[in-house]
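The following exercises ask the reader to examine a structure step by step. Each task is followed by a worked solution.

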Amino acid sequence: MEKISAEELERRFDEGEDMMPYVVPGSGRRINEVPQRVNIDFPRWVVNRLDREAQRLGISRQALVKVWIAERLEKV
């Protein structure tokens, strides 16, 4: 991950640049929210596709699922 100053990050954000290269998915938390573990069973083909996409992005399966669910929830 490229290291940049806070000012440079802010400038890039203001210019509409994609911020995902500067974020560690799954590392952010809302203040005063305690994580709650949830178990979900997926068919094998879903897990395989999740793993391929996570590997392509260079993140864990768990991080990918968290990001995708959070993105979806923001839309509702």
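**Exercises on the predicted model**

F42 is partly exposed, with a relative accessible area of 39%; partly exposed lies between buried (under 20% relative accessible area) and exposed (over 50%), with a 1.4 Å probe and protein chains only. The model is predicted, local features need pLDDT of at least 70, side-chain atom pairs count only at pLDDT 80 or more, and totals for chains, interfaces and linings use all residues. Residues are numbered from 1 along each chain as its sequence is written, and side-chain values use heavy atoms, without hydrogens and water.

**Exercise 1.** Determine which secondary structure the protein chain has.

*Solution.* The protein chain has three helices and zero strands, where helices (H or I, at least four residues) and strands (E, at least two) are DSSP runs numbered from the N terminus. The order of elements from the N terminus is α-α-α. Next, locate F42: this residue is in the loop between α1 (6–14) and α2 (44–57).

**Exercise 2.** Establish where the buried and the exposed residues of α2 lie.

*Solution.* First, list the buried residues of α2: V46, L50 and A54. They cover an arc of only 65° around the axis, so they are on the same side of α2; the arc is taken from the directions from the helix axis to the C-beta atoms. Then turn to the other side of α2, where R44, W45, R49, R52, Q55 and R56 are exposed. Finally, identify the cover: α3 (61–75) is included in what covers the buried residues of α2.

Technical notes: Contact means heavy atoms within 4.5 Å.
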